[in-house]
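Here is a short note for a colleague who is new to this entry. Please keep the structure open while reading the points below.

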Amino acid sequence: DMASYQAFELEELQADRSRSYAEFLRRPGLSMGIYHLPAGGKDPQHPHSADEIYVVLAGRAALEVEGERFHVGPGKVVSVDVGADHRFVDVTEDLQVLVVFAPPDDPGA
């Protein structure tokens, strides 16, 4: 019988840099993962079929949403609507972002 909760340590999740996007939680209504983007890196993402929330844990960059650009850094929380064209640009410090998709989405899609 599985527990009705899952618990994670952000520090451990952030330490795993083996993949640029590492999903660590998937439930029927949402999924969560950590997105790593190195300084100077290019963000290849396309619009998603889910609403999305970014919580910036570390690093600095700009986030471009439908052509509007604003700076993000640690502590910034941004919601991006389903289908909106968006990407991180001007990554000046290695970016680590906690990502929430609702409902779950395939970030590689």
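**Notes on the fold and its details**

1. Overall size. With 109 residues, a compact globule would have a radius of gyration near 13 Å, and the protein, at 14 Å, agrees with that. The radius is taken over C-alpha atoms, and the globule rule is 2.2 Å times the number of residues to the power 0.38. Along its principal axes the C-alpha trace spans about 45 × 30 × 25 Å.

2. Ground rules. This is a predicted model, in which local features need pLDDT of at least 70 and side-chain atom pairs count only at pLDDT 80 or more, while totals for chains, interfaces and linings use all residues. Residues are numbered from 1 along each chain as its sequence is written, and side-chain values use heavy atoms, with hydrogens and water left out.

3. Elements. The protein has one helix and six strands. From the N terminus the order is α-β-β-β-β-β-β. Both kinds of element are DSSP runs numbered from the N terminus: helices are H or I with at least four residues, strands are E with at least two.

4. Surface and burial. Buried residues make up 39% of the 109 residues. Buried means under 20% relative accessible area, exposed means over 50%, and partly exposed lies in between (1.4 Å probe, protein chains only). The accessible surface comes to about 6400 Å², and 52% of this belongs to carbon and sulfur atoms. Areas come from the Shrake-Rupley method with a 1.4 Å probe; for residues, only the protein chains shown count as cover.

5. Contacts along the chain. Take the contacts between residues at least 6 apart in sequence: 61% of these join residues at least 24 apart. Contact means heavy atoms within 4.5 Å.

6. The main core. Which residues have the most contacts inside the largest nonpolar core? They are L63, F88 and L95, in a core of 19 residues. Strands β2, β3, β5 (77-80) and β6 each supply at least two residues of this core. β6 gives the most, with six residues. A nonpolar core is a set of buried Ala, Val, Leu, Ile, Met, Phe, Trp, Tyr and Cys residues joined through side-chain atoms within 4.5 Å. Not counting residues up to four places away in sequence, L63 touches nine partners by name: Y54, E68, R69, F70, V72, V78, V80, R87 and F88. A second, separate core has seven residues, among them F24, L25, M32 and I34.

7. S31. This residue sits in strand β2. S31 is buried, at 0% relative accessibility. Leaving out residues up to four places away in sequence, its contacts include E23, V99, F101 and D105. The C-alpha atoms of S31 and E68 are 26 Å apart, with their positions 37 residues apart along the chain.

8. H48. Look in the loop between β2 (31-37) and β3 (51-65). H48 is buried, with a relative accessible area of 5%. Its side chain makes a polar contact with the side chain of D105, at 2.8 Å. A polar contact is a pair of N or O atoms within 3.5 Å; within protein, one must be able to donate a hydrogen and the other to accept it, and residues adjacent in sequence count only if both atoms are side-chain atoms.

9. Salt bridges. The count comes to five. The rule asks for a side-chain nitrogen of Lys or Arg within 4 Å of a carboxyl oxygen of Asp or Glu. E93 and R60 form one such pair (3.9 Å, N to O). This pair links distant parts of the chain: E93 is in strand β6 (residues 86-102) and R60 in strand β3, 33 residues apart. E93 is partly exposed at 42%. R69 pairs with E64 at 2.6 Å. Here E64 is buried at 18%, whereas R69 is partly exposed at 46%. D85 and R87 meet at 3.3 Å. Shared partners join E64, R69 and D90 into one network.

10. Backbone points to check. The peptide bond from A102 to P103 is cis, with omega near -5°. P103 lies in the segment after β6. E66 is not a glycine, yet has a positive phi of about 50°. E66 belongs to the loop between β3 and β4 (68-72) and is exposed at 55%. D90 also is not a glycine and has a positive phi of about 50°. D90 lies in strand β6 and is partly exposed at 48%.
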